[in-house]
Amino acid sequence: MPTIIDGKLTSSQIKEEIKTRVEEIKAEGGKTPHLAAILVGYDGASQTYVGAKVKACEYVGFESTLVRLEETVTEEELLRKVEEINENPDIDGLIVQLPLPKHISVEKVTSKIRPEKDVDGFTPANVGRMALNWPAYVAATPYGIIELLKRYEIETSGKHCVVIGRSHIVGSPMSILMARNGYPGNATVTLTHSRTKNLEEIARTADILIVALGKPEFVTADMVKPGAVVIDVGIHRVEDASKKSGFRLIGDVKFDEVAEKASAITPVPGGVGPMTIASLLYNTLLSAEKKVYS
Ligand code: NAD
C-alpha cells in the first residue's frame, strides 16, 4: 500500500500551529493578523470559498473583513476599494476572489494589490520573487503541495519531477518551485501541457508526478512508474446516486489503480484541496509578522 498523503490532517495541523502562534502574538500584546477579502457578485462557488476562508480566519484567531460588491460595480470603484485596503495599516492581507465579472480586468485589479499584502501570491512582484528564490508569498495551491512534500519527507533532490498542466496558479509555479535550489526542490523538472508530444512516455519517467490539467481520471496506472510519488490537483464533481449529496469528487488521477503502483499519493478529496486555505492563513501570518517584506 502506498503512503496516503493526508491533506486534511496536515491542514488541520497547520491551522493549529497558526492558532497557537496567534495566541502568543496576542499574549505579547502584538497586533491580531487581519485578512480582507473582496467578493464581487453572487457566484455560488465563490461565496462558498470566501465563506470558508472567513470561517478559517475566525478559527485561528485572525480578524477578517469581507467586502461585498455588486456584480455591476465598476472597475474604477473596485480599484478604489483595493487602494483603500492597501492604505489601511490594520489589514495585513488582501485577496480578491476570482472570477471577476467580464467588464473588470483581472490584471489591473491584481496589479493594484500592494505586493506586501498579496497573500494569494498572484502579483507579478510575488511571482518574480518566488522565481528568484527570494522570500515571497507563494500561491496557495503550489505552496500547499510543497508543504505536503516537506511534511511527508518526500525526497526531491535529483529526482525527475513531471508536472502536467502549465496554468499560472498551479502548473507553472509548481515547476519553478520543484527546480529551485532548496528543499523541496533540486528536482529535474519537465513541464508538460496540451501541446506536449508523448506525454504518456514522459509521465512514465517521473519519480514525482504532479497532475493539474483539469481532466477527470486522465492519469491511469500505465502512465505511472512503479514507486512514483503522485500529487493529484484536479477536482471534479461526478454524479453518484449512492451519495446523499448526489455526487462525489474525483481527481485528475485514476486513484485506485494508480495507488497500486505509487509509493505515495494524494487522495481526492482530502489531498491537495484542504491545503489551500491553510496556505492562505500561513501567508497572512507571514505578512502580519513582516517575514516576507521586512
Ligand atoms: P487550467 O485549466 O488553468 O490549466 C490546465 C492546464 O492543463 C493547461 O496548462 C493545459 O495546457 C494543460 N492541459 C490540458 N489538457 C491537457 C492534456 N490533454 N495533456 C497535457 N496537458 C493538458 O487548470 P488549473 O487551474 O491549473 O486547474 C487544474 C485542475 O486542478 C482543475 O481540475 C481544477 O479544478 C483543480 N484545482 C484544484 C485546486 C485545489 O485546491 N485542489 C486548486 C486549483 C485548481
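**Around the ligand, and inside the protein**

Okay, let's start at one contact: a polar backbone atom of I235 sits 3.3 Å from an oxygen atom of the ligand. I'm calling that a polar contact, meaning a pair of N or O atoms within 3.5 Å. Overall, the protein covers 72% of the 860 Å² of accessible area that the ligand has on its own, going by the Shrake-Rupley method with a 1.4 Å probe.

Before I go on, this is a predicted model, so to speak of local features we need pLDDT of at least 70, and side-chain atom pairs count only at pLDDT 80 or more, while totals for chains, interfaces and linings use all residues. Residues are numbered from 1 along each chain as its sequence is written, and side-chain values use heavy atoms, with hydrogens and water left out.

Back to the ligand. A polar backbone atom of V233 is 3.4 Å from a ligand nitrogen, and for H193 a backbone N or O atom also lies 3.4 Å from a nitrogen atom of the ligand. There are 22 residues around the ligand, and R166, S167, H193, S194 and V233 come nearest; "around" means a heavy atom within 4 Å.

Now, the cysteines. How many disulfides are there? Zero, counting pairs of cysteine sulfur atoms within 2.5 Å. C57 is buried, at 0% relative accessibility, and C161 is buried with a relative accessible area of 0%. Buried here is under 20% relative accessible area, with a 1.4 Å probe and protein chains only.

Methods. Polar contact = N/O pair within 3.5 Å; in protein donor to acceptor, adjacent residues only side chain to side chain. Buried < 20%, exposed > 50% of the residue type's maximum accessible area, 1.4 Å probe, protein only.
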